[in-house]
Amino acid sequence: MHREWLGLIGLMDAPPNLRLRSIPGVIPSEFVRGADFPGFIQTIHSKMEGPTEELLERLESPASFIVADTLLSWALELGKRREIPVASFWPLAASTFTLHLHFHMLVSNGHFPIDTSGTLKFVSYSF
(Lines give C-alpha, C1' and ligand atoms only; values in the text may rest on other atoms or scores of the structure.)
Protein backbone atom coordinates (compact mmCIF):
# COMPACT_ATOMS: atom_id res chain seq x y z
CA MET A 1 0.00 0.00 0.00
CA HIS A 2 1.23 3.47 -0.77
CA ARG A 3 2.19 5.49 2.31
CA GLU A 4 -0.31 8.28 1.57
CA TRP A 5 -3.16 5.76 1.16
CA LEU A 6 -2.34 4.26 4.54
CA GLY A 7 -2.60 7.74 6.03
CA LEU A 8 -5.94 8.35 4.31
CA ILE A 9 -7.30 5.10 5.73
CA GLY A 10 -6.21 6.17 9.20
CA LEU A 11 -5.54 4.02 12.20
CA MET A 12 -8.44 1.65 12.29
CA ASP A 13 -9.00 -1.47 14.31
CA ALA A 14 -7.87 -4.17 11.91
CA PRO A 15 -8.41 -7.88 12.49
CA PRO A 16 -5.36 -9.49 14.12
CA ASN A 17 -4.59 -11.47 10.94
CA LEU A 18 -4.42 -8.31 8.78
CA ARG A 19 -1.31 -6.13 8.82
CA LEU A 20 -1.20 -2.94 6.77
CA ARG A 21 2.22 -1.78 5.56
CA SER A 22 3.24 0.95 3.15
CA ILE A 23 5.83 1.62 0.47
CA PRO A 24 7.60 4.97 0.00
CA GLY A 25 5.83 7.75 -1.89
CA VAL A 26 6.82 6.85 -5.45
CA ILE A 27 3.57 8.00 -7.09
CA PRO A 28 2.00 11.46 -7.25
CA SER A 29 -0.23 12.49 -4.35
CA GLU A 30 -3.95 11.72 -4.42
CA PHE A 31 -4.49 15.47 -4.27
CA VAL A 32 -2.57 16.39 -7.47
CA ARG A 33 -2.53 13.31 -9.70
CA GLY A 34 -5.44 14.53 -11.83
CA ALA A 35 -3.12 17.14 -13.34
CA ASP A 36 -1.01 14.36 -14.91
CA PHE A 37 -3.06 11.17 -15.01
CA PRO A 38 -0.96 9.58 -17.81
CA GLY A 39 2.14 10.21 -15.66
CA PHE A 40 0.42 8.54 -12.72
CA ILE A 41 -0.38 5.43 -14.81
CA GLN A 42 3.22 5.31 -16.09
CA THR A 43 4.52 5.55 -12.52
CA ILE A 44 2.36 2.76 -11.06
CA HIS A 45 3.53 0.48 -13.86
CA SER A 46 7.22 1.39 -13.65
CA LYS A 47 8.05 2.46 -10.07
CA MET A 48 5.89 0.52 -7.59
CA GLU A 49 7.09 -3.05 -8.11
CA GLY A 50 10.59 -2.57 -6.69
CA PRO A 51 9.51 -0.89 -3.44
CA THR A 52 6.72 -3.45 -3.03
CA GLU A 53 9.17 -6.34 -3.35
CA GLU A 54 11.53 -4.64 -0.89
CA LEU A 55 8.64 -4.32 1.55
CA LEU A 56 7.88 -8.04 1.21
CA GLU A 57 11.52 -8.80 2.06
CA ARG A 58 11.38 -6.68 5.25
CA LEU A 59 8.18 -8.14 6.75
CA GLU A 60 8.46 -9.77 10.19
CA SER A 61 6.64 -12.84 8.88
CA PRO A 62 6.23 -13.70 5.20
CA ALA A 63 3.16 -12.53 3.32
CA SER A 64 0.77 -15.38 2.60
CA PHE A 65 -1.41 -13.57 0.07
CA ILE A 66 -1.32 -10.48 -2.19
CA VAL A 67 -4.41 -8.52 -3.22
CA ALA A 68 -3.57 -6.17 -6.09
CA ASP A 69 -5.44 -3.84 -8.40
CA THR A 70 -6.06 -5.63 -11.70
CA LEU A 71 -4.20 -2.88 -13.58
CA LEU A 72 -0.99 -3.67 -11.65
CA SER A 73 0.01 -6.59 -13.87
CA TRP A 74 3.47 -6.68 -12.30
CA ALA A 75 1.88 -7.95 -9.06
CA LEU A 76 1.18 -11.32 -10.70
CA GLU A 77 4.84 -11.74 -11.67
CA LEU A 78 5.93 -10.61 -8.21
CA GLY A 79 3.68 -13.23 -6.62
CA LYS A 80 5.02 -15.95 -8.94
CA ARG A 81 8.64 -15.05 -8.14
CA ARG A 82 7.98 -15.13 -4.40
CA GLU A 83 5.53 -18.08 -4.56
CA ILE A 84 2.72 -16.03 -3.00
CA PRO A 85 -0.87 -16.34 -4.29
CA VAL A 86 -2.20 -13.15 -5.89
CA ALA A 87 -5.83 -12.07 -6.12
CA SER A 88 -6.80 -9.50 -8.70
CA PHE A 89 -9.02 -6.72 -7.34
CA TRP A 90 -11.04 -4.53 -9.74
CA PRO A 91 -12.12 -1.39 -7.83
CA LEU A 92 -13.86 0.27 -10.80
CA ALA A 93 -17.34 -0.22 -12.23
CA ALA A 94 -18.12 -3.55 -13.90
CA SER A 95 -18.93 -1.68 -17.10
CA THR A 96 -15.37 -0.33 -17.19
CA PHE A 97 -14.01 -3.87 -16.78
CA THR A 98 -16.24 -5.06 -19.62
CA LEU A 99 -14.97 -2.25 -21.85
CA HIS A 100 -11.35 -3.25 -21.17
CA LEU A 101 -12.14 -6.93 -21.66
CA HIS A 102 -13.94 -6.44 -24.96
CA PHE A 103 -12.11 -3.43 -26.39
CA HIS A 104 -10.57 -5.58 -29.10
CA MET A 105 -14.11 -6.20 -30.40
CA LEU A 106 -14.72 -2.45 -30.79
CA VAL A 107 -11.59 -2.24 -32.92
CA SER A 108 -12.24 -5.39 -34.97
CA ASN A 109 -15.84 -4.32 -35.70
CA GLY A 110 -14.79 -0.83 -36.79
CA HIS A 111 -16.37 0.99 -33.84
CA PHE A 112 -13.02 2.40 -32.70
CA PRO A 113 -11.44 4.76 -33.47
CA ILE A 114 -14.51 6.92 -33.86
CA ASP A 115 -14.77 9.06 -36.99
CA THR A 116 -16.09 12.38 -35.76
CA SER A 117 -15.63 14.33 -38.99
CA GLY A 118 -18.86 16.28 -39.12
CA THR A 119 -21.11 13.51 -37.83
CA LEU A 120 -21.64 14.67 -34.26
CA LYS A 121 -24.24 17.29 -33.45
CA PHE A 122 -24.31 18.93 -30.08
CA VAL A 123 -27.61 19.98 -28.62
CA SER A 124 -27.92 22.26 -25.66
CA TYR A 125 -30.98 22.33 -23.46
CA SER A 126 -32.29 25.17 -21.35
CA PHE A 127 -34.50 24.53 -18.39
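## A nonpolar patch on the surface

Five residues, L99, F103, V107, F112 and I114, come together as a nonpolar patch on the surface of this predicted model. Between them they put about 460 Å² of accessible area on show.

F103 is a handy residue to look at here. You'll find F103 in helix α5, which covers residues 94-108. Its relative accessibility is 32%, so F103 counts as partly exposed. That is enough for a place in the patch, because patches are made of residues with over 30% relative accessible area and no salt bridge.

## Two parallel strands and a crossover

Now for the strands. Strand β1 takes in residues 66-69 and strand β2 residues 86-89; the two run parallel, with four bridges joining them. If you want a spot to start from, I66 sits opposite V86 in β2. To get from β1 to β2, the chain passes through helix α4, residues 74-82, and this β-α-β crossover is right-handed.

As for side chains, there's a general rule to keep in mind: in a regular strand they alternate between the two faces of the sheet.

## The loop before β1

S64 belongs to the loop between α3 and β1. Is S64 buried or exposed? With 61% relative accessibility, S64 counts as exposed, because the cut-off for that label is over 50%.

Even so, S64 has company from further along the chain. Leaving aside residues up to four places away in sequence, S64 touches I84 and P85. Its C-alpha atom is also 9.3 Å from that of V86, a residue 22 places away along the chain.

## Salt bridges between α3 and α4

How many salt bridges does the structure hold? The count is five. One of them pairs E53 with R81, where the closest N and O atoms are 2.9 Å apart. This pair ties together distant parts of the chain: E53 is in helix α3 (residues 49-58), R81 is in helix α4, and 28 residues separate them. The two partners get different labels for burial: E53 is buried at 19% relative accessible area, while R81 is partly exposed at 46%. E53 only just gets its label, because buried means under 20%.

Another salt bridge joins R82 to E57, with 3.7 Å between the closest N and O atoms. Here too the link spans distant parts of the chain, from R82 in helix α4 to E57 in helix α3, 25 residues apart. R82 is partly exposed, with a relative accessible area of 28%, whereas E57 is exposed at 55%.

These residues belong to a bigger picture: E49, E53, E57, R81 and R82 are linked in a network of salt bridges.

## A salt bridge within α4

Helix α4 also has a salt bridge of its own. The side chains of K80 and E77 meet at 3.6 Å, N to O. Both residues lie in helix α4, three residues apart, or about one turn of the helix.

Which labels do the two partners get? K80 is exposed, with a relative accessible area of 59%. E77, at 41%, is partly exposed.

## Back to helix α4

Helix α4 is worth a second look on screen. The helix carries the chain from β1 to β2, holds both K80 and E77, and supplies R81 and R82 for the salt bridges to helix α3.

Note on methods:
Residues numbered from 1 in each chain as written. Predicted model: local features only at pLDDT ≥ 70, side-chain atom pairs only at ≥ 80, totals over all residues. Heavy atoms only, no water. Pairing = 2+ DSSP bridges. Right-handed = clockwise from strand over helix to strand, strands pointing away. Salt bridge = Lys/Arg side-chain N within 4 Å of Asp/Glu carboxyl O. Buried < 20%, exposed > 50% of the residue type's maximum accessible area, 1.4 Å probe, protein only. Patch = residues over 30% accessible without salt bridge, like charges linked within 9 Å, V, L, I, M, F, W, Y side chains within 5 Å. Areas by Shrake-Rupley, 256 points an atom, 1.4 Å probe, with all protein chains shown as cover. Contact = heavy atoms within 4.5 Å.
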